[in-house]
Amino acid sequence: MRAQEINPAKLAMLFRKEFQMCNVKEGETIAILSDIATRRDFVMASFAAAEDLGANIYEVCVNEVPSWVRVGIETVGACSGTVQAFEAADMLVCLHVPLFTKWMKQVRNSGTRVLMIIDHPDDLEKLLSPPGLKEAVIHSGKRLEETKHIRVVSEAGTDLSYECGEYPTMIQYGFADEPGRFDHWGAGHVHTFPNEGSANGAVVIQPGDLCVLPYNRYIQDEIQIEVRDGIIRKIDGGLDAKLMNYFLDDNKRHEDDLDGHALSHLGWGLNPQSRWDALALYGDDPDRTYASARTFAGNYLFSTGPNNEGGGTRDTKGHYDVPMRDCTIMLDNDVIIEKGVIKDKNMAVERIPR
């Protein structure tokens, strides 16, 4: 395990900056959701930042650590009053992963803004949302909302097409500044879920692409995927293909269950502060790749499984997240990313050395 580089005393200042970006105001109430494995320095930094900004703050610690390999684990709600307390707060600081859960949708619908903080302390300063990222993400989101047809190709052999518009476009730019908004400190990407049954074609995952969920590893050998009518029908290749097949099959509820093989959120990364090479630099601890691996600028994020986050009915735990390099993305035949390089100038954000 590598030593933490950032001075722990600096965390409170970083949290204050992040909370200011989230529009935390004097007199507001902030709730913290933690668990028995949460970094206590994040809790203390949240307390200090809130106090300095004149906000009220308290912590709810649950006796369950959410799995980082299976999404949608309901860690909140069994204890009476927890969801209601979060609904009454102005902002919820979530120090573990709440994605694809029913309770978070209920909390957001009440108007509570939700900020997820799960990355390593050394990464939080580097991943503070840089100037222009919010605008680039909003622009990308509007482009995606207006798009009816998407095609993704690569020299490796990827040629995937799908329709969109059935499900909402989701955007993250790194801070939760509006009522009901969810965001992730360090994020910077857009995605949506393809229309049911519309995705067809080939996806070829190459060495150097990342499987950040569930295995958190670089792909070592080519994975050849056949998609037909929105479902992965065939996965061929070496070790990485075997791992993908094994995980998706292991999450089947019954023999004919293909929910884990359906396509889930598909989109692209925009954050110039995120690093494709974080896994090589810092190792396979997931808190070093939660944001960086998913949101590095120009990646195409391919995933499988649940779509209930967007209002669909699939809540399978068979969720695979694969940020892919060197793809060309076309929105209604307009190239916005070419071989992993952002071409739409309104999506490009300058990197700040940190």
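Let's start with charge: this protein carries 37 positive and 54 negative charges, and the mean positions of the two sets are 2 Å apart. Keep in mind that you are looking at a predicted model, so everything below describes that prediction.

Now step back and take in the whole chain. Its secondary structure adds up to 9 helices and 20 strands. With 354 residues, the globule rule gives a radius of gyration of 20 Å, and the protein's own value of 20 Å is close to that, so it is as compact as a globular protein of that length. If you lay a box along the principal axes, the C-alpha trace spans about 55 × 45 × 45 Å.

What share of the 354 residues counts as buried? The figure is 55%. The surface that the protein does expose comes to about 14,700 Å², with carbon and sulfur atoms supplying 48% of it. The contacts tell you about the fold too: take those between residues at least 6 apart in sequence, and 71% of them join residues at least 24 apart.

Time to go inside. The largest nonpolar core has 68 residues, and the ones with the most contacts inside it are F15, F19, W268, Y300 and F302. Helix α2, residues 40-52, gives the most to this core, with 5 residues. Apart from that core lies another one, made of 18 residues, including V62, V114, M116 and Y290.

Pick out W268 and see who its neighbours are. Leaving aside residues up to four places away in sequence, W268 touches S140, L144, H189, V190, N299, L301, I329, L331, I336, I337 and M347.

Next, find helix α2 again and look for A49, which sits in it. Is A49 buried or exposed? A49 is buried, with a relative accessible area of 1%. Not counting residues up to four places away in sequence, A49 touches A12, F15, R16 and F19. Two of those names, F15 and F19, should ring a bell from the list of residues with the most contacts inside the largest core. For a sense of distance, try A49 and R143: they are 94 residues apart along the chain, and their C-alpha atoms are separated by 36 Å.

One of A49's contacts, R16, is worth a visit. R16 lies in helix α1, residues 11-21, and is partly exposed, with a relative accessible area of 27%. Besides A49, R16 touches D52 and L53, again not counting residues up to four places away in sequence. R16 and A45 are 29 residues apart in sequence, yet from C-alpha to C-alpha they are 8.2 Å apart in space.

Loops can be buried as well, and here are two places to check. N271 is in the loop between β15 (266-269) and α8 (278-282), and its relative accessible area is 0%, so it counts as buried. Once you set aside residues up to four places away in sequence, N271 touches L127, P130, L133, G186, A187, G188, T295, F296 and A297.

The second place is G305, in the loop between β16 (300-304) and β17 (320-324). G305 is buried, also with a relative accessible area of 0%. Among the residues G305 touches, not counting those up to four places away in sequence, are D259, G260, A262 and L263. D259 makes a nice case: G305 and D259 are 46 residues apart in sequence but 5.7 Å apart in space, C-alpha to C-alpha.

Finally, have a look at some backbone oddities. Most residues other than glycine have a negative phi, and most peptide bonds are trans. With that in mind, turn to F100, where phi is near 65°, a positive value in a residue other than glycine. F100 lies in the loop between β3 (91-94) and α4 (102-109). At 9% relative accessibility, F100 falls under the 20% cut-off, so it counts as buried.

D332 also has a positive phi, of about 50°, although it is not a glycine. You'll find D332 in the loop between β18 (328-331) and β19 (334-338), where its 36% relative accessibility makes it partly exposed.

And which peptide bond is cis? Go to the one from L213 to P214, with omega near 10°. P214 is found in the loop between β11 (210-211) and β12 (217-218).

Key. Residues numbered from 1 in each chain as written. Predicted model: local features only at pLDDT ≥ 70, side-chain atom pairs only at ≥ 80, totals over all residues. Heavy atoms only, no water. Helix = DSSP H or I, 4+ residues; strand = E, 2+ residues; numbered from the N terminus. Rg over C-alpha atoms; globule rule 2.2 N^0.38 Å. Buried < 20%, exposed > 50% of the residue type's maximum accessible area, 1.4 Å probe, protein only. Contact = heavy atoms within 4.5 Å. Areas by Shrake-Rupley, 256 points an atom, 1.4 Å probe, with all protein chains shown as cover. Lys, Arg positive; Asp, Glu negative; His and termini not counted. Charge placed at Lys NZ, Arg CZ, Asp CG, Glu CD. Core = buried A, V, L, I, M, F, W, Y, C linked by side-chain atoms within 4.5 Å.
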